[in-house]
Amino acid sequence: MRAVVLSVITIALSSVLIAQTPQVATRRPDINTPNPPILLRPIFQPILRDAGKIFSGTVLAVEHQNSGSSSALATTNIRFRVDEAIRGVRKSEIVEVKEWAGLWGSGERYHPGERVLLFLYPPSKLGLTSPVGHRAGRFPVNGTGGVLLPTNPGAKPKPIEIHKVVAAIREAEQE
Amino acid sequence: MSKLVFATVVVLLFSARASAGGPAYVAGASFFDPSTIGTPITWPEGIVNYYTDQGDLSTLLPGASADTFVASAFTMWTSVPTAAVSAVHGGQLAENVSGSNISVANGAITTPADITPGATTTPVGIVYDEDGSVTDALLGSGASASIYCADNGAFGGVDNLGSNAQFQHALIILNGNCAQSSSQLPDLQYHLVRIIGRVLGLDWSQANLNVVAGNPPATADQIAGFPVMHEYDPPGCVPVANCYSSNGAVNPAQPKTDDQAALSRLYPVTAQNISSFTGKQVFSQTTARIHGSVYFSDANGAAAQPMQGVSVVARLIDPSTNQPSGSVVVTSISGFLFCGNAGNIITGYTDSTGANFNQFGSNDQSVEGFFDLAGLPIPAGASNAQYQLSVEAVDPLWSTHAGPYGSTSQVEPSGSFTPILVTVTLGGDVAEDILMQGSAVQKSNWYGSTSYASPGQLPTSGNWAGVMSAYGDADFFEFPAQANRSLSVIVNAIDESSNLSESKALPVIGMWALADPGSSPAPANTPSAFNTVNFGETRLDAQIFQSTTFRVGITDYRGDGRPDYRYNARVLYGDNINPARASAGGGTPLTIQGLGLQPNTTVQVAGVTVPVLGASATQLLVNTGAGTDGTYDVLLQDSGSGGQSDMSGVLTIGAGPTDTIKMITGANPATAVGGQAPVPFAVQVLAADGITPVGGASVQLSSSPAVAFSACSGGSSCTVLSDQSGMASTFMTVLSANVMTLTAKLAPASYSNPQQVQATLLGTSSQLDLALITPPIWIAQGATVTLPIQARVMSNGTPVGGTALNFQITAGSGTLSANSVQTAANGNASASLQVNSLSASVRVTLCVAQNNSPCQVLNATMVQDSSLQLQPVSGMLQIAPPGQNLQPVSVRVVDSDTPSHPVLGANVSFLAYIGRMPGNEPIVWAGGSGISQPVMPVILAESQTTVQSDVNGLANFAVSTGGISGNAAIVGSATAGNNSINFEAQQLGP
């Protein structure tokens, strides 16, 4: 039976990769036709200046680190695969983001498989970072790679194709 | 730091979950003392001892002023008259905390010891980050900039709690860059009050959401009742007065009715503790309470299962307007004491950091739907009041982390509840349950109850619909699967109206070998729900490495279960194909057996998509295209779900790597140049067992020096396909007086070291040569046939025309069309031999006239009926798409010799039945074993004919549906002597 167990464990690993392979959407028909049109630049401009890294990525692992020392600061290490590199990273690079563990309790949490567009502050002297403007620098990304962006207050976020988001960010960078 | 403290730190930082409508933290079934399960976590005795930084917050707020500023923020909470909570400034921290005393040493980040989670002697540390360097250090470079004050002006929270369900430590950091001017201070105070609210143990709250959502525009009354502990501020709310002050009438930082009620429920002033809180009022005596549970309704409209995650809202009916108040509103989310996410067997019971999910929230299902609206104010001077009781969904956008479902994702309530009026009295407590009308009704699954230990049998179709009705429900099914296959398990979450939904169950999928005792997480699992591009879909793609029986499980990620957690599931699995071999020439019908197959399942054979001609849930019918010899995968793909199943190496096209080639005939007498060798170069392709013939394999024929191969239309090399008996055969015309090496290679294009067989052929040349072009012949006993006999006269390789060639029967009986024939310019001459009711072998001798030399003998050997054998050649199993015709069935009659010889003139009887399924359903093949349908086809017609085999032993039968439209099948047989061969064909209708 042991052989079977080992085999099936391999299944699990491969299943993650297969299941998360970006594919063409068959639903969410509003991905290209936000109505009313979303003005992308105003969303990104306020957080663009201070972002050291900007990327769309998939969470691969989350780790808690605490040396146990009475004066040590606990951290959360989140490992991402970069799906779309915009600033400070390369596509397909594995990026490890280290955050102060205190943020976890305030809702700054990740789980493996989650996809996000992040605008991260440059790492501090401690090597720590977090999304620029907390919630303002973190956007969910759906299975199609569409970035869920706020439209009107209270309205459901609209998925916008990542290439359009990248174009808007590039445009905003020029200003 | 003690081990216990270290453990508690880990617990808090990584599994803290919100339970809204009051407590942010509720002791759960792990880590905490069992006696505390279900207890909201609070500060001991309601006393918060805080210690402030030795430094200044800013020039505007030097140390002492900053202390006053902090005390003022605490007072916002401690002044709630019914809340037994106080804040004590215990003194100062041991240092001025700044970026200079937070550093990295030996890879570890160190901070002053009295602000770490273990610093329980300074239970609440407040850092004055004067220059923003602490903020930058913790959140990232640039995070302290004033433009981020709305997010980073005040941050932190509880970071240590004890197993006795009491807070042990919290840390708050105030960013000095947000206290540079007096205009910044109101916002900083607002954010500090909110952080303190969290430190006190308050969850996020939801009331009057339109204040931030904007629809409908908020009234002044609603702004006045908008709780400070709402979860998110819109970006436009800077300064906060823009949104929450109602033109200066409301202090945004002031806890509102809902905040005060929530705090008082956590820290109620009671008759027992009021002596410690001078000037306050006993909570239960000075307010009113409505409590109860939210329930699903059963089929009779009675209370069924508790429903968690519903915001229950009580609004005072304003006596002056008789309308529900916007300002006096109290909320509670049902199940706020319950464990919204306990984990599950498939993805496990711990989070990504290893902390138990169930350490927060009670496991007592009696509180699953419980709500508590204690703290309802009674208007001054009155002894009772009316409250409107209503329910709302917890908004996943604005109240993401509120309530029991806040640690995962909010769940849309099922059914509705018409608001009711409830009269409450001062100090009174009304029990009022809420039954959600029209909610999903709990039903049993059609497959009954399953469990890990007793999985159900997977439905034979691979498709099923289920519901995870009861709390903790999980469905388990078992099914066998073969090694070297992959499969997909696809689950679509649907709501009670059968619409796809991501606001109900969070289905996760796991797989185990059946013998697995119950590993958790499952060896193969989806780490989360909705892991695909398709809305509402969770999919597990798994590779099977060992043939065994597997168990597949489906459950809710949270370990939850409700009557509205419905799903459709499908296992897409290709198990086998039949036949497992196809011709390199294409046109081989294949039946794929599996589970969860659909008409739109696409099939790739050898990397090429082939059309699906027929489908059921367990079978697909395809026709192969032409391909290169080798072993290939068959891939099933589902464009809708993205699921796929790969059957690795299941199909051999043409010759496989272990197939063999065997020479059947090839030895010939010396043959004159220009003449045809009498014995064909015949080979047979066989499987590795040396017995099973392999049809459709590529056989490359070549010769050195060149001969003219009949199979190559006179060419000296070509590639032919073996027939369905594995045979490939050719005659050779000698082109030169040499020893020629004839080679047959098996699929040389596919294999670097192909198998081959060789024969030699001697070409001769003389002054006068006679070569027989007609090879020796075998004729069926009793046959009446006419056989052309052709020969060629050559001289040193040059045709000799105008020479007489004599024909004579020298044994047996028959009639020659001529006894002497003049050769043509090409040296050829022919005569016909007619035999009637052949009863004995016949020999014809041909001699060049004048000298009757040289001579050749043609033997026509009689084959008895009992020796006749039949070999399949082509068309034994075929399918024609709409608009295409079926190919003829071709069989070869041979004798029983080894090697066998083709027999001329044998009567082959073909009998065929034409049938159709009732209702014109598609008929699906199962390889060569017949039609696999549960009901018999209706026989519509019969066709019978007898065909005489030709000189190559071949007899052909035109397969036709006889004009019958629709999906029609032809099943028949060919019989010669005592031998029969079956054939099957299917014509697909439009």
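S713(B) sits in the loop between β38 and β39 (717-721) of chain B. Helices here are DSSP runs of H or I with at least four residues, strands are DSSP runs of E with at least two, and both are numbered from the N terminus. This is a predicted model, in which local features need pLDDT of at least 70, side-chain atom pairs count only at pLDDT 80 or more, and totals for chains, interfaces and linings use all residues. Residues are numbered from 1 along each chain as its sequence is written, while chains are lettered from A and ligands numbered from 1 in the order in which they are written.

**Backbone oddities in chain B**

Back to that serine: phi of S713(B) is near 55 degrees, a positive value although the residue is not a glycine. S713(B) counts as exposed because it has 8 C-beta neighbours inside 10 Å. For the cut-offs, a residue with 20 or more other C-beta atoms within 10 Å of its own is buried, one with 12 or fewer is exposed, anything in between is partly exposed, and the C-beta atoms are placed from the backbone.

N852(B) does something similar, with a positive phi of about 50 degrees in a residue other than glycine. Its 12 C-beta neighbours inside 10 Å are why N852(B) counts as exposed. N852(B) belongs to the loop between β52 and β53 of chain B, and P854(B) is in the loop between β52 (842-848) and β53 (855-863). The S853(B) to P854(B) peptide bond is cis, with omega near -5 degrees. Another cis bond leads from S704(B) to P705(B), where omega is near -15 degrees; P705(B) falls in the loop between β37 (698-704) and β38 (707-709) of chain B. For context, most residues other than glycine have a negative phi, and most peptide bonds are trans.

**Strands around β20(B) and β25(B)**

What about the strand β20 of chain B (residues 485-494)? With 10 of its 10 residues buried, β20(B) is largely enclosed by the rest of the structure, so both of its sides are worth a look. R485(B), L487(B), V489(B), V491(B) and A493(B) point one way, S486(B), S488(B), I490(B), N492(B) and I494(B) point the other way, and all are buried. In a regular strand the side chains alternate between the two faces of the sheet.

Two strands pair if DSSP finds at least two bridges between them. Here are some of the pairings:

| Strand pair | Sense | Bridges | Residues standing opposite |
|---|---|---|---|
| β20(B) and β23(B) (537-544) | antiparallel | 8 bridges | V491(B) and T538(B) |
| β20(B) and β25(B) (566-578) | antiparallel | 8 bridges | S488(B) and L572(B) |
| β18(B) (463-467) and β25(B) | antiparallel | 5 bridges | V467(B) and R566(B) |
| β25(B) and β27(B) (589-595) | antiparallel | 5 bridges | G574(B) and G594(B) |

L487(B) also stands opposite a residue of β25(B), namely Y573(B).

**A covered helix and the cores**

Helix α9 of chain B (residues 257-266) is mostly covered, since 10 of its 10 residues are buried. They include T257(B), D258(B), D259(B), R265(B) and L266(B). Among the elements covering the buried residues of α9(B) are α2 (63-78), α5 (185-199), α10 (283-286), β11 (324-333) and β12 (370-377) of chain B.

L263(B), one of the buried residues of α9(B), turns up again in the largest nonpolar core. A nonpolar core is a set of buried Ala, Val, Leu, Ile, Met, Phe, Trp, Tyr and Cys residues joined through C-beta atoms within 7 Å. The largest has 171 residues, of which I172(B), L174(B), I196(B), L263(B), V294(B), V312(B) and A314(B) touch the most other members. Another core, of 147 residues, lies apart from it and has M511(B), W512(B), A529(B) and V685(B) among its members. In soluble globular proteins, nonpolar side chains tend to be buried together.

**Chain A**

Chain A has 3 helices and 7 strands, in the order α-α-β-β-β-β-β-β-β-α. Of its 175 residues, 45% are buried. Contacts (C-beta atoms, placed from the backbone, within 7 Å) in chain A with a separation of 6 or more are 59% between residues 24 or more positions apart.

In helix α2 of chain A (residues 40-48), the buried residues are L40(A), I43(A), F44(A) and I47(A). Down the axis of α2(A) they fall within an arc of 80 degrees, so they line one face of the helix; the arc is taken over directions from the helix axis to the C-beta atoms. Their cover includes β4 (115-120), β6 (147-149), β7 (158-160) and α3 (162-174) of chain A.

On confidence, pLDDT is the predictor's confidence in each residue, from 0 to 100. Chain A averages 74, and 71% of the residues score at least 70. Over residues 1-37 of chain A pLDDT stays under 50, and the model has 66 contacts beyond four places in sequence for them.

Note on methods:
Two residues are in contact if their C-beta atoms, placed from the backbone, lie within 7 Å.
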